[in-house]
Every structure is written in structure tokens, then in C-alpha cells.
Amino acid sequence: MYIEIEEPNQRISSDAVKVWRISHSLTFLVELLVIAILFFCTNIFGWYNWIETILSILFGLAFLSAIYNITIQPVFLQRTWRYQVDEQFVQLKHGKWTEEHTLIPMEKVEYVKTEQGPVMRRYGLYTIEVGTTTSSHKIPAIPEDIAKQLKSQIATYAKIQDTITEEGEKGA
Amino acid sequence: MTQSGTRFHPAFIAVELFSLLKGVGGFYVILFILKASSTATWVMIGRYLIVAITIIGIISTILKWFFHRYELRYNTIVIRNGIFVKNQHTVAIDKIHNHLSNSTFIHKWFGLTSLTLETAATGDLAPFQFPVITEREKARILAHIEPKHSEEIEETTVPLSLNKTVHFRSTKKDMLKASFTSLSFLAIFPLLSALYSNLANFFELEETAESALDYLLIHWWMLIVLFTIALGLSVVIGYIKTSIKYGNYMISDDNVRIYIEKGIGHYTSFSIQKHRVQAVIVEQSFLKRLLGLAAVKLVCVGDGSEPGQETSSLYPFMPKHEAYQLLQTILPGYHIEEYMKRFPVKVLWLKLLQPYYVTILAVIGLLLFKREWLWAAAVIFALSIANRILDYWFTSYIHHGRTVQIRKGGFTNETYVTHRERIQQITVSHSWLQRKFGVATISFANKANPLHISQLQGVSKEEAGTFFTWYHKKALN
């Protein structure tokens with residue numbers, strides 16, 4: 001542990017790796033399609049040469065990042081993702097090269113919602129989104145039963161805290 | 001549907017028409033006076049267009065006035081407007097954070113003013129505006145709003161005394177200092193040159209001016225006299241300009257609210273509840289630092305309605321220690337620690353080691369398009385290094401009790417103070433490179449319009465840990 005803090009301990013589903021691999025592959029295919037169309041247009045309509053150069057660079061970048069995003073990155077992300085929800089805080093941690101710890105007090109939580117895309121539905125996973133007045137945070141790849149439980153838990157905690165907040169605001 | 005509620009004062013039409021006139025006046029001058037003899041197609045079309053725009057503007061202003069009504073209810077304010085599409089907009093009074101009042105010259109002629117009520121909501125409807133109302137009506141609305149807040153506070157704080165205490169009143173000397181720091185006297189030069197080139201176009205001034213310049217060069221003392229007169233004139237103009245904006249500056253407060261009033265010709269008053277202040281910023285530009293002045297700003301929700309107006313700022317040209325004292329009396333919770341320790345030197349090396357994206361982009365761009373300009377990349381590189389060194393020099397961080405204070409910036413530096421309860425969320429992160437140097441990045445968000453995120457790189461890992469644990473304390477108090 002690099003920084004001496006209480007780290008969260010809940011992990012996300014190990015299926016997250018598969019989900020991310022599939023969705024990143026799909027993204028890469030779309031990128032390829034767009035670049036291919038642009039290449040085609042460049043040749044047909046005789047656009048400037050430098051456009052072709054830039055397209056080649058873009059293709060190279062997309063290819064390299066796709067390799068990273070499909071092979072290594074999902075594993076790292078799944079292994080490093082941790083979250084914890086208690087009466088006072090939502091705590092999140094993720095990232096291998098750059099590690100990020102986020103702390104959101106329950107009293108600032110405004111809404112919580114679950115989300116599911118087509119790929120995630122195949123694996124029965126949900127994304128939980130926790131929103132404050134100023135920002136929103138996503139916890140990816142939570143199995144269905146845990147997701148539902150977590151959602152109602154956060155909603156309850158956030159509501160309980162509401163009355164305490166007002167007193168805190170006045171006293172401040 | 002029965003229409004209830006009050007319309008704005010009829011002078012609303014006059015004020016709106018005046019601003020319409022300001023918008024289209026220039027086109028009239030060009031199309032009907034300067035190009036009076038022209039029969040070019042664009043001039044002809046332009047004339048019809050501008051007349052049509054004016055007529056539509058006048059009609060819609062009158063309709064807007066006719067259909068716009070507002071109503072004060074027990075604990076809400078309702079506004080109805082819309083000519084074809086009817087809107088009804090309701091706001092709860094206890095959601096109003098602060099209010100702002102503005103009187104331009106035209107308002108003054110009619111003995112009127114304007115009022116804006118700010119809420120935490122964002123979007124078009126967020127500020128509630130009463131563009132033209134009488135002073136008495138304003139007092140009525142404010143009376144309707146304010147007792148509610150006072151009651152709410154009364155329960156927890158000392159008994160309410162509505163006696164305002166005046167803490168600061170600007171003097172003539174302050175105005176002089178302010179007009180010097182804002183450098184507004186320099187505005188005369190671009191103004192003169194713009195005027196000259198415009199006139200030169202119309203009257204073919206060049207030739208006459210050339211001979212006049214010759215004359216002046218021979219009689220050089222005349223040049224000096226003229227220059228002195230111009231400079232004196234610009235100082236006077238700068239002084240007047242500053243006075244209009246910052247003259248009669250007055251800061252006062254009572255138990256609950258802070259009141260800021262300013263302006264001679266263009267009167268503005270602003271009021272905010274003390275417990276709605278989210279953070280305090282002390283800002284010093286390079287020039288202000290030389291003169292020992294500082295600007296104190298209050299960060300609050302809904303001060304973004306008029307960017308550049310600096311309404312939420314306490315007097316921006318106050319001597320630093322005086323500003324601190326004032327802050328102490330008005331907001332005793334915000335104590336500014338003057339002495340702050342710089343980060344260890346290794347942080348500077350880390351900052352210098354980070355990739356130079358702008359430089360890299362510049363090199364690539366220049367290589368592709370303008371090889372002979374490649375030296376410009378070196379200039380950019382030098383500037384980014386200078387920027388990083390300055391950034392290191394002025395960046396620091398302390399936290400004590402429930403207060404966090406950070407300072408950063410190069411030529412203009414900024415000290416930011418906020419409290420634990422005011423922080424919406426925090427993030428501590430560290431990259432691979434930062435781990436090699438034993439440091440981390442901390443960032444925290446405050447409610448404001450838009451969200452204010454303070455990010456600080458190069459905090460030592462121990463301190464970042466303490467910061468995280470400090471915010472993570474279980475107890476709320």
C-alpha cells in the first residue's frame with residue numbers, strides 16, 4: 001500500500017474482464033470502419049495529402065490502444081477496482097498505473113441508479129451510478145442481486161443523512 | 001384562465017427599447033448616414049432588414065411586458081411569461097441563495113432598479129430576474145424573502161440583530177490606487193489609435209497628418225506637451241471609469257448576511273447569507289502584489305450570472321492585511337494562514353519530468369505545415385519550463401482543524417480556503433511516476449457555478465494519506 005489509508009474491500013465481478021473485452025472490441029471495429037470510410041473518401045475525392053498522413057497516424061494509435069484495451073487493461077482494471085459503501089461514505093478505488101481513491105460523503109449523494117447495456121445483460125451485470133449535485137461516479141460490473149441491494153442501501157443511507165446535513169449546514 | 005399577479009413597471013419597455021437601440025443604432029448610422037447616397041443592393045436590403053428588425057423588436061418588447069407577470073405567494077414566487085408558448089416558473093423562497101441588484105443610468109432616470117434572485121439550480125431559469133422594478137417593489141420582494149431566512153437561522157445562532165455594521169467604505173485615495181492597478185488609463189492609447197485610423201479612412205487624414213507630424217517633429221517640445229496632456233486625460237478618464245464601477249464601495253454585514261454595494265453611475269448591490277459561502281479566494285495579480293493589494297472573493301452558488309462583474313468579490317483593491325482583517329470580522333470561520341511552506345525540491349524535478357504535450361504537438365504541427373517556423377517550438381518549450389518553475393514556486397498546501405488552504409499560480413497567485421463541510425467529494429490519486437517520487441495528487445470539489453474543483457499535485461504521500469483520513473472521519477462534527 002502506497003498511501004496509509006483505509007482501503008475499500010468490495011470487489012467487482014470477474015466477468016467484467018469479458019464485458020470490457022467485448023465492448024472494447026466493438027468500439028475498435030467502429031473506429032476501423034470510420035477510418036476506412038475516410039480513407040476511401042480521401043482517395044475518391046482527392047483530398048489533401050496530409051489528411052492521409054493523419055489518418056494513418058490515427059489508425060496506428062487506434063490499433064495500439066485497442067491491443068492494450070482488449071488484452072491487458074481489463075485485467076488490471078478488474079483486479080484493482082474496489083468499492084465500499086457504509087452509512088457515512090461511498091468509497092471508490094481503481095487503477096494500476098494511476099491509482100485513484102475517491103470519497104463521497106453520503107449526505108452529498110443526490111441520486112443512485114443502475115444501468116445495463118446489451119453486453120452486460122449477457123453476464124447479468126449492472127453499473128451503479130452515484131450522483132451528487134456536482135458530479136457522478138460509476139461502479140462497473142456488479143452482479144444483479146448485489147446491485148439491487150446496493151442501490152436501495154445507498155438510497156436509504158443518503159436519505160437518513162439528509163436531516164443530519166441540514167443541522168450540519170446551520171452549525172457551520 | 002384568470003390572470004393574476006403583477007406586471008413590471010411600464011418603464012420596462014423604455015429600458016428594453018434603449019438596449020435595442022444600442023444594438024441597432026450602429027447599423028442605422030452606417031446604412032442611412034454614412035452610406036446615404038449608396039444604392040448598392042446590400043445597402044438597400046440592409047435598410048429594409050434593419051427597419052423590420054426594429055419594428056419586430058418594438059412589438060415583441062411591448063408584448064413581453066404585457067404577458068410577463070409575477071406573484072409573491074406564501075413561500076414561493078411564481079413567474080408567468082411567454083407570448084405564444086406560456087411558461088410558468090415557480091421557486092421556493094428557501095432555495096434562494098443570494099440576491100443582486102443593479103441600476104444602470106437609465107434605471108436611475110426613472111428612479112427604478114433591477115433585482116436578480118439566485119438559486120442553486122443551473123440552466124436558463126436558474127436566476128430569477130426582475131429587470132425593471134421600483135425601489136419600493138424591490139423592498140417588498142426582499143422583505144418577503146428575508147424574514148424566512150432569518151427565522152431559519154435564529155433557531156441555531158445568537159438572537160438576530162438586523163443592525164448593519166459597515167466595515168469598509170472606499171475613499172478617493174482608494175479610487176486612485178484602483179484606477180492605477182486596473183491599468184485602465186492605458187486604454188486611451190488603443191482608443192486614440194482606433195479613432196485616428198477610423199477618421200483617417202473617412203477624411204483622408206493621412207496627408208494632413210503627415211505634415212502635422214513633420215511640424216511636431218521639428219517642434220519636439222510640442223510633442224511632449226501633447227503627450228503629457230494625453231496621459232493626464234487618460235488618467236482622468238481611468239479615474240472616472242473606475243469610479244463608475246467601484247466608487248462608493250461599501251461592505252457591511254449583520255448576523256446573517258453580507259452586503260456589498262458599489263458604483264456611482266451604475267449602482268450594484270449584492271447580498272449573500274454567510275452560511276452559504278462555500279469558500280474564500282484571495283487573488284493577487286503581479287501588479288497587485290507589487291503594491292501590496294489583494295482581492296478577496298467569496299465562492300458561492302449562483303454568482304456566475306454575469307461573468308466579469310466580480311460581484312461576489314469583496315473590494316478588489318484592498319491592502320492585503322486590511323483585507324485579511326475584514327475577512328476575520330465578517331467570516332471568522334475563514335482564517336487565512338499567511339505563511340505556507342513550499343513543497344520539497346524533488347517536486348520541481350517531477351514537474352519538469354512530466355511530458356510536454358503542448359511542445360510535442362507544436363513540433364509535430366510545425367514539422368507538417370511550416371518547417372521554417374520550427375524555432376517557435378523552442379519558445380513554447382521555454383515558456384512551459386518557466387511556467388512549471390513558477391508553478392512549483394507558488395504552490396503549497398496546509399490543513400488545520402477543519403480548514404484546508406491551498407495556494408497556487410505563477411504571475412497571478414491564488415489562495416483558496418474552504419472547510420470540511422463545504423467539500424463535496426475528494427479524490428487522491430498517484431501515477432507511476434509520482435510513486436517514484438513519493439508524492440500524490442489531491443483534489444476536492446466545492447459547490448459553485450460551475451463546480452469548483454481544486455487540484456493540487458506534488459503533495460507528499462504521508463500528507464495525502466492524512467488528508468484522506470481527515471475527510472474520512474466518521475463523526476460529522
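Which residues have the most contacts inside the largest nonpolar core? In this predicted model, begin by selecting B:Tyr397, B:Val404, B:Ile426, B:Val428, B:Ile442, B:Phe444 and B:Phe467, which have the most contacts inside that core of 33 residues.

Next, colour the elements of chain B that give two or more residues to this core, namely β12 (279–284), α11 (345–353), β16 (403–408), β18 (423–430), β19 (439–446), β20 (452–460) and α15 (461–472). Of these, α15(B) supplies the largest share, which amounts to five residues.

Now centre the view on B:Val404 and, leaving aside its neighbours within four places in sequence, display the residues in contact with B:Val404, among them B:Tyr397, B:His399, B:Tyr416, B:Thr418, B:Ile423, B:Phe444, B:Phe467 and B:Trp470. Apart from the largest core lies another one, of 32 residues, which can be located by selecting B:Ala178, B:Tyr249, B:Ile272 and B:Val277.

From there, move to helices α1 (residues 11–34) and α2 (residues 41–67) of chain B, whose axes come within 10 Å and cross at roughly 180°. Because an angle over 145 degrees counts as roughly antiparallel, α1(B) and α2(B) are described as roughly antiparallel to each other. Showing the side chains of the contact between α1(B) and α2(B) brings up 17 nonpolar, four polar and three charged residues.

Finally, select B:Pro10, found in the loop between β1 (6–7) and α1 of chain B. With a relative accessibility of 48%, B:Pro10 counts as partly exposed. Add B:Ile133 to the selection: B:Pro10 and B:Ile133 are 123 residues apart in sequence, yet their C-alpha atoms are 9.1 Å apart in space.

Key. Residues are numbered from 1 along each chain as its sequence is written. Chains are lettered from A and ligands numbered from 1 in the order in which they are written. This is a predicted model: local features need pLDDT of at least 70, side-chain atom pairs count only at pLDDT 80 or more; totals for chains, interfaces and linings use all residues. Side-chain values use heavy atoms; hydrogens and water are left out. A nonpolar core is a set of buried Ala, Val, Leu, Ile, Met, Phe, Trp, Tyr and Cys residues joined through side-chain atoms within 4.5 Å. Buried means under 20% relative accessible area, exposed over 50%, partly exposed in between (1.4 Å probe, protein chains only). Helices (H or I, at least four residues) and strands (E, at least two) are DSSP runs, numbered from the N terminus. Contact means heavy atoms within 4.5 Å. Axes are lines fitted to C-alpha atoms, for helices over the stretch in contact, and angles run from 0 to 180 degrees between N-to-C directions. Angles under 35 degrees count as roughly parallel, over 145 as roughly antiparallel, 65 to 115 as roughly perpendicular and the rest as oblique. Ala, Val, Leu, Ile, Met, Phe, Trp, Tyr, Cys and Pro count as nonpolar, Asp, Glu, Lys and Arg as charged, and the others, Gly among them, as polar.
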